[in-house]
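I opened this model to look up how its copies are arranged and how some of its elements pack. My entries follow the structure.

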Number of protein chains: 2
Amino acid sequence: MEVTRRNFKDSLNAVYSAIEEADFLAIDGEFSGISDGPNVSALTNGLDTPEERYTKLKKHSMDFLLFQFGICTFTYDQTKSKYIIKPFNFYIFPKPFNRTSPDIKFICQSSSIDFLASQGFDFNKVFCNGIPYLNQEEEAQLREQTEERRNQHANGVGTPSYISPSSSKGPAHVPEEHKDFINRVILCFANLLSIFYFFIMFCVVGLWRFTICLSLTGFPRGFTWKPSRQKRLERKERFIQVSKVDDEERKRREQQKLEKEQEELNDAVGFSRVVHAISKSHIVFYLSTCRLLDTKLMASTQPFKVRNDHQHLAGRSLNPADTFLPSLTETAEGFPSYDTAQEQLHEAGYDAYITGLCFVSMANYLGSFLTPPKAYISARSKLIEPFFNKLFLMRIIDIPYLNITGPDLQPKRDHVLYVTFPKEWKTSDLYQLFSAFGNIQVSWIDDTSAFVSLSQTDQVQIAMNTSRYAESYRIQTYAEYIQAKQEKEKSGQTPKTWGEDGWVKSHYSSTTSAGFGYPRCTSAASHCRFQHHAQTDSVSLVCFLYISGFFFICFFFFCSRGLRKRSISPAQGEQAAGDAPITDGWSHYSYPDSAGGKKMKTDGV
Amino acid sequence: MEVTRRNFKDSLNAVYSAIEEADFLAIDGEFSGISDGPNVSALTNGLDTPEERYTKLKKHSMDFLLFQFGICTFTYDQTKSKYIIKPFNFYIFPKPFNRTSPDIKFICQSSSIDFLASQGFDFNKVFCNGIPYLNQEEEAQLREQTEERRNQHANGVGTPSYISPSSSKGPAHVPEEHKDFINRVILCFANLLSIFYFFIMFCVVGLWRFTICLSLTGFPRGFTWKPSRQKRLERKERFIQVSKVDDEERKRREQQKLEKEQEELNDAVGFSRVVHAISKSHIVFYLSTCRLLDTKLMASTQPFKVRNDHQHLAGRSLNPADTFLPSLTETAEGFPSYDTAQEQLHEAGYDAYITGLCFVSMANYLGSFLTPPKAYISARSKLIEPFFNKLFLMRIIDIPYLNITGPDLQPKRDHVLYVTFPKEWKTSDLYQLFSAFGNIQVSWIDDTSAFVSLSQTDQVQIAMNTSRYAESYRIQTYAEYIQAKQEKEKSGQTPKTWGEDGWVKSHYSSTTSAGFGYPRCTSAASHCRFQHHAQTDSVSLVCFLYISGFFFICFFFFCSRGLRKRSISPAQGEQAAGDAPITDGWSHYSYPDSAGGKKMKTDGV
């Protein structure tokens, strides 16, 4: 279902109920760029820690815009033995909702725009009919302003529409010497209104100010007025229409106005309402543990790694020969169905659908290792658990994933040296320097530093010894390097929010600073890392998903309805799951590799 | 005429000849934003110097993209007593021309995009079919690379296609110990080619490197080869097709290749070819004096200032009652004609046309002051001269324009004080501080400083005296402030170019640093300011036009064919013009104001 600003409100209930009933949902996004700094291959290093990689990618991706967001919900129908899918394709654009709302600036990368254009992407639809959104800070600010106006109103401080939006001065004070004048004008109004139903008052600047005073200090009951400007007149000429109303009519109008304001506020929050619905839904959080799955990581892990066709699936290029795949799903009534034969890759809704299909196929493949084999593996199966909350890390030699809810893997890097040298040095200089140590691998950090991996760990000490008296370069062990880095980083990374000028700005937040900068963070701290993105800043949830895998990443939000009862006691809950808790799903989990035989496992659900 | 990437090459000759034959041309642009920092009203100050204003606006506008460029040429037809117009509407987008070309990042401002969208702007056309461009630096670099490859080729260093684009290593050196191996492979090739017309060679990484060596050190005559990759294979598997050619065939192919390269280079330069054509044309430069005219400035000057309808014209909202206006022009054959009744505002081609129409109307209005009155005033008339090379300055109290070819006006600001104070101060604090001096005007600079204009100059010294012992605030005269600023700024502003990561980067340039930072710059230095924009950096010419007036600015490039002869001697030339040279057209030029009578003037042409 295509959702734009035009049908957003009408579609919201369908979106909410699709999320509520789903077993899992798949998402995808199309963005205005990939890296606003160096290109990704220059930016990343094969020996980045997950923290470093995360920080680097985040730093250079936060100012891009999400043009399109795809959601595909999957609900298993036992009778049909099929997933019923509901795909949504949202067009998104931060149209300023009024003159004082943030005028967001975003970056576009020519190559990304060119790529989307070549795929037939409809930019006109985005810019003309994109659904607006607010991040949580903006939303809170707007709600506060509305609330303030309401309270003022409830306290009888006149209708609030004449407070200048840009004014932060508070209610005006009417000087004593003007009160007599004001009273005379009011009397004059009353006389006029005893003759005419309404009249229009030409307003010189001073009188305009007088009416503002009135609106703030309390205008006598029985009047209402609205500003009236004529286009053709000069800016300083303003008119006010004054008319007579009784109390009931006044109340009715005020009620109408409040309702309109509430609706405008909801319109401004826009697409963030969908993100809220996902964040708050039972699919994502159980015992405040978030459940996401990255198909790219799943496909590049045993037993899928060896199966080329699944690799292809992870890259979302459906093999036309796999005609059985679409038969695993059926499009819900009222939703336009996708034709996998005619690929619509890079339409976010379609990509989300294909991603979900990849997951279903891979999950079912796991069932073939069970005794007896199972054709259908549910999204709640224990077989899937090891893949939860782990994001694929591209081009990192020895760490397959970033763990978003637990400590990251600590690879042995005893054979790695951190070398600093003059700017003029090239790779060949490093090869020459380490020529005595056989094969080495160089990972550049910047102009004056690089990691050098030796082939044998016991050579590290020799290299360190020989470098002791060197003047032009300096060698540290990897452990020394990490320690120095941690000390330097204790000042901490800071998250960003939109500033007044429409750009993201850094600020400090106690929630998030705990999660950054330390390679060995506790599970709680790591969890904060996600919480920040999912909850503090609605839209960055999406950015976060994006940066980890460059178009190929998607996540599954898992439904765990049955487990909800246990939320009373976490400890009880763990035991009630039946099996002993899996502390680190990855290391304790084994699939038959290409050489070994099948291991027996039972499906935990 | 709409010009996109698809018909750009076919349209170029029409564009060139339109520029060549024109009496003047009008331009307009549509951009992706206005200010990437604070909004323009917050950024600018009523007491900015022209230099400050220029620097501020430039700083916050260089990263926007020009989506559309409109040119309308006007050529007077004596027999028809009409201008024959040729409007062009170019769609522009910096599509990367190959994998190594700069991947430009640009900023979009939501409000600007939303505005264009509401005007029916076709973003899909821009992104899919926009004409690419290169700035002069990129173009020079590309030309140099092509030239280098040609020279290598001419020196017989093999065909150059195998130099890795990302490699900066220069030609490979074939080690002595490999030469024997290479010779054996060549012999093997020769044997194979005596049997087959061509063969495809599977290429493991080492052999691939070997062929690169060959291509750089010289491959024996009689062979040709091209790389051949199969999509379905893994990245490291490459094939090379080797085939037999005779010398003639080889030369023919090489010639073809050079021609193709030249064409690709021209394609990459793209829209900049049009900008070059304008810059180099006789319309713009005479005796290296550039001739530009800003209709917004013209319309806000006597005698146009008092005529509301011309003000409207300057803002380009044609009065439907002015049916006589379109009759001043006729669209050239083969060009689609605009219907002014159905306004197509914010299509750059149409806006350029309307801008030109405004100019024609205003120029002719000047003719009504002549004795006898003249109905048609040519673009080469001396009546127009006072408006040359002056850009409208929005919201500056006492300086009407920025002079791009001479010293800027130096207004008296003897009554202005520069005040610094604590961050907490508000406007009311300043009013209170200066309450003894009657009416004052406050122009904020930043959180802790502002200009305060007193109503009487003789109060300045009193204010200075009373502030002598103040601790919380500090007062300087305007002259003291300017002097301190000049000393501080001696380090100078620096212009920008595109960096390797696709962002504009600062660098030093002797041409331009002379023109910035000093309010009283010489005519030569001021001229550099324009030269830089018009010639050093093609695309910023457009930005420069844009920033000075926010969508309302346009310029006319004047044709002065008759004066061309004088280019032999500037001094002679000035005398040959007949009249005494006007040193400062503005101050010596007078039009009847609304109160006074008509002054007699004769048309100098």
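The entries below go from the pair of chains to a helix pair and then to a sheet.

**Conventions.** I worked on a predicted model, in which local features need pLDDT of at least 70, side-chain atom pairs count only at pLDDT 80 or more, and totals for chains, interfaces and linings use all residues. Residues are numbered from 1 along each chain as its sequence is written, while chains are lettered from A and ligands numbered from 1 in the order in which they are written.

**Symmetry.** I superposed the copies (least squares on C-alpha atoms of residues with pLDDT of at least 70 in both). Chain B falls on chain A after a rotation of 180° with 0.0 Å of shift along the axis, at RMSD 0.1 Å. The two copies are thus related as by a two-fold rotation axis. I then looked up which residue of chain B comes closest to that axis, and found B:Ile107, with its C-alpha at 2.2 Å.

**Interface.** I took residues as in contact if their C-beta atoms, placed from the backbone, lie within 7 Å. Chain B gives 25 residues to the contact and chain A gives 25 residues. On the side of chain B, the elements giving two or more residues are strand 5 (105-109), helix 4 (110-118) and helix 5 (123-129). Helices (H or I, at least four residues) and strands (E, at least two) are DSSP runs, numbered from the N terminus. Of the interface residues of chain B, 100% are also interface residues in chain A, so the copies meet through the same surface.

I also checked the strands across the interface, where strands pair if DSSP finds at least two bridges between them. Strand 5 of chain A and strand 5 of chain B run antiparallel and are joined by 5 bridges. A:Cys108 has B:Phe106 as its bridge partner there.

**Helix pair.** In chain B, I found that the axes of helix 1 (residues 8-21) and helix 10 (residues 272-280) come within 10 Å and cross at roughly 20°. Axes are lines fitted to C-alpha atoms, for helices over the stretch in contact, with angles from 0 to 180 degrees between N-to-C directions. Among the residues of helix 1 of chain B that meet helix 10 of chain B are B:Leu12 and B:Tyr16.

**Sheet.** In chain A, 4 strands form an open antiparallel sheet in the order 15-16-14-17. Strand 15 (440-446) and strand 17 (474-477) of chain A each have a single partner strand, so one side of each is left without a neighbour in the sheet. I noted 6 bridges between strand 15 and strand 16 (residues 449-454) of chain A. A:Gln441 stands opposite A:Ser453 in strand 16 of chain A.

Key: Contact = placed C-beta atoms within 7 Å.
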